[in-house]
Amino acid sequence: MMCMQRTDILLAEDSPYDSELTLMALKKCNLDNNVHTAADGEEALDFIFSNPQPPHLKVILLDLKLPKINGLEVLRKLKADDRTKAIPVVVLTSSQHESDLAESYELGVNSYVVKPVQFDEFVRTISDLGLYWVNMNKLPAEKIPCLMKKN
Amino acid sequence: MEEYHSTFEIGRDIMKKVMNEKTMKKQRRDLEERMKELQCLYSITHVVETPGITLMEIFRKIVNIIPQGLQYPEITGVRLVVEGEEVKTENFRETFWKHSDKIVLDGEEIGTLDVCYLEEKPEENEGAFLKEERELMAEITERLGRIIERKRAKEALQKMNLTLEKRVEERTRQLEDMIDELKSFSYSVSHDLRSPLRAVNGFAQILYEAYADKFDEDGRHYLEVVRDEAVRMGQLIDDLLVFSKLSRQDIQAGEISVNELMAEVIKNLQFSEDGIEKIRFEMNPNLPPCIGDLSMLRQVWTNLLSNAVKYSGCKQTPVVEAGFHTDDKNRVVYFVRDNGAGFNMRYYDKLFGVFQRLHSPDDFPGTGIGLAIVRRIVKRHGGRIWAESEVGKGTTFYFHLSSQPPEEAEKQITLSAHS
């Protein structure tokens, strides 16, 4: 089992520009160090499930319109698996569709945020999200076999 | 005791009695025959009025009813031919003792009714068929003509209705398809356009922040334009989406306390409108309640009040009033009045246009969709909105909702929600 560098945030976003802007916004509040980006649903699920012990993430920022496997499917799989259902998932999307909202909450999403178009609003939103989920929110204790081994 | 003068007289009396008996018997028999004929005609009428019965079924029943109206039903055969189609009783056979009548529709002969006695009748009569029987058959034939005419008219009507129904179905399906297309179009706008817009917006801003000092004045100006117009484009798209959603949303009608709604709107405006602290609000505390969709009407009051606040900010003592009066048709007309910049009534017809503005964005920001949204909502509630203004003095917006009395208004609203 590989001992991975700690990742706090998984950003699942297909647009490279939205990705870049998000990372820039996270950088402004010093949260850009432990971020892993996935460009489609398959990559996102691979990152989480390829190892028997899923990474202990502080939050997953999930876009809905992802190629290969879409955001709702990823959400469904995350919340259906005992190992990952406790990881906070924040849907970060352009869609304001009532149906997307309804289904996301049906599947157990922790929060649903619409990406602002205006840049300053966008920066504010991302940093608020980052600071809240990474610093303020508390998660149950993790069991990290490789760290324990180190000790 | 009568006096008889001779055997002749006795004989004559006896003869009279016998003759009377015979006549009575005949008369009774005739009466029975008439009853049978009437019964026959009645049965025919009854058959014709059976709901859903077809013409062929009518014919089949009639040919079996007719013998019952004649003297010797067991040896009567009936055949009906209408436009080449033949319907007959099982026992029908062309014989010497035949009576035929033509069936006429619109002056044209379309068929015949043949009645045949299958064997010689047991009694001596005038010809094979009695006069009464011939009259009965003539009556039946005439009725058949009319029956056929009516039935055919009915069937033509039903066919037309079916074609019409099919066309309505098709048209409805086309409209539903169009609505679905529009829905997915607006989804596409909201989703797909916003992403590149966000990028243009974001990177223009980042470029400006990071490299403005490396640009000369012209370069900085160009960057500012790109950034500002990207911002404006975002607002326009958002506004368009709100506007287009309005037509497709279902109205959820309920009774609304206008006073409460206004108080809520004003409280919210404190956060979004600059300079609102300066404004003196004069709200009539007794605004009558109305019937309508709460979120839509909230939008109406928000837009009207925020406009009033915005356009009166330039004055020293800005005042925004809200109230109502009853018009000559007993309708409640609400109004919002400000003492601000006002507009030139010459351009009144542009007032409610989409993205139409009567002021420069430098003086008063806005995309020009607020009033278009208000008007659409008021219209969907069956009402009307209009305005009066004078440049430099101020503006008053008047509107009323459904012109039906409140009990009817709800029905009206639900109906128009699907128009």
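## Notebook: salt bridges, the A–B interface and helix α7 of chain B

**Entry 1. K68(A) and its partner.** I looked up K68(A) first and recorded it as exposed, because its relative accessibility is 63%, over the 50% cut-off. I note here that the model is predicted. K68(A) makes a salt bridge with D40(A), with 3.5 Å between the closest N and O atoms. I then asked which parts of chain A this pair ties together. K68(A) sits in the loop between β3 (59-62) and α3 (71-80), and D40(A) in the loop between β2 (35-38) and α2 (41-49), so the bridge ties together parts that are 28 residues apart in sequence. D40(A), in contrast to its exposed partner, is buried, with a relative accessible area of 7%.

**Entry 2. K65(A) and D63(A).** I next examined the salt bridge between the side chains of K65(A) and D63(A), at 3.4 Å from N to O. K65(A) is partly exposed at 26% relative accessibility, whereas D63(A) is buried at 1%. I traced the pair further and found K65(A) and D63(A) in a network of salt bridges that also links E13(A), D14(A), D18(A), K115(A) and R198(B).

**Entry 3. R152(B) and E83(B).** In chain B, I recorded a salt bridge between the side chains of R152(B) and E83(B), with an N to O distance of 2.8 Å. R152(B) belongs to helix α3 (residues 131-211) and E83(B) to the loop between β1 (76-82) and β2 (85-88), so this pair ties together parts that are 69 residues apart in sequence. Both residues are partly exposed: R152(B) has a relative accessible area of 31%, and E83(B) has 49% relative accessibility. For the whole structure, over all chains, I noted 33 salt bridges.

**Entry 4. The interface.** How many residues does each chain bring to the contact? Chain A gives 21 residues and chain B gives 17 residues. The area buried between the two chains is about 1700 Å², and carbon and sulfur atoms give 59% of that area. On the side of chain A, V117(A), Q118(A) and F119(A) lose the most area to chain B, together 36% of what that side buries.

I then turned to the polar part of the interface. I found two salt bridges across it; K28(A) and E209(B) meet in a salt bridge at 3.6 Å, N to O. Six residue pairs are in polar contact between the chains. The elements that give two or more residues to the chain A side are α1 (16-28) and α5 (119-136), and α1(A) gives the most, with six residues. By type, the chain A side divides into eight nonpolar, seven polar and six charged residues.

**Entry 5. Chain B and N303(B).** I counted eight helices and eleven strands in chain B. Of its 419 residues, 39% are buried. Chain B exposes about 26100 Å², with 53% supplied by carbon and sulfur atoms. Among its contacts with a separation of 6 or more, 66% join residues 24 or more positions apart.

As a single case I took N303(B), which lies in helix α6 (residues 294-312). N303(B) counts as buried because its relative accessibility is 10%, under the 20% cut-off. Leaving aside residues up to four places away in sequence, N303(B) touches G370(B), I373(B) and V374(B). N303(B) and V374(B) are 71 residues apart in sequence, yet 7.1 Å apart from C-alpha to C-alpha.

In helix α7 (residues 370-380), the buried residues include I373(B) and V374(B). After α7(B) I noted G382(B), whose phi is positive, near 75°.

How values were computed: Residues numbered from 1 in each chain as written. Chains lettered and ligands numbered in written order. Predicted model: local features only at pLDDT ≥ 70, side-chain atom pairs only at ≥ 80, totals over all residues. Heavy atoms only, no water. Contact = heavy atoms within 4.5 Å. Buried area = accessible area lost by both parts, 1.4 Å probe. Salt bridge = Lys/Arg side-chain N within 4 Å of Asp/Glu carboxyl O. Polar contact = N/O pair within 3.5 Å; in protein donor to acceptor, adjacent residues only side chain to side chain. Helix = DSSP H or I, 4+ residues; strand = E, 2+ residues; numbered from the N terminus. Nonpolar A, V, L, I, M, F, W, Y, C, P; charged D, E, K, R; others polar. Buried < 20%, exposed > 50% of the residue type's maximum accessible area, 1.4 Å probe, protein only. Areas by Shrake-Rupley, 256 points an atom, 1.4 Å probe, with all protein chains shown as cover.
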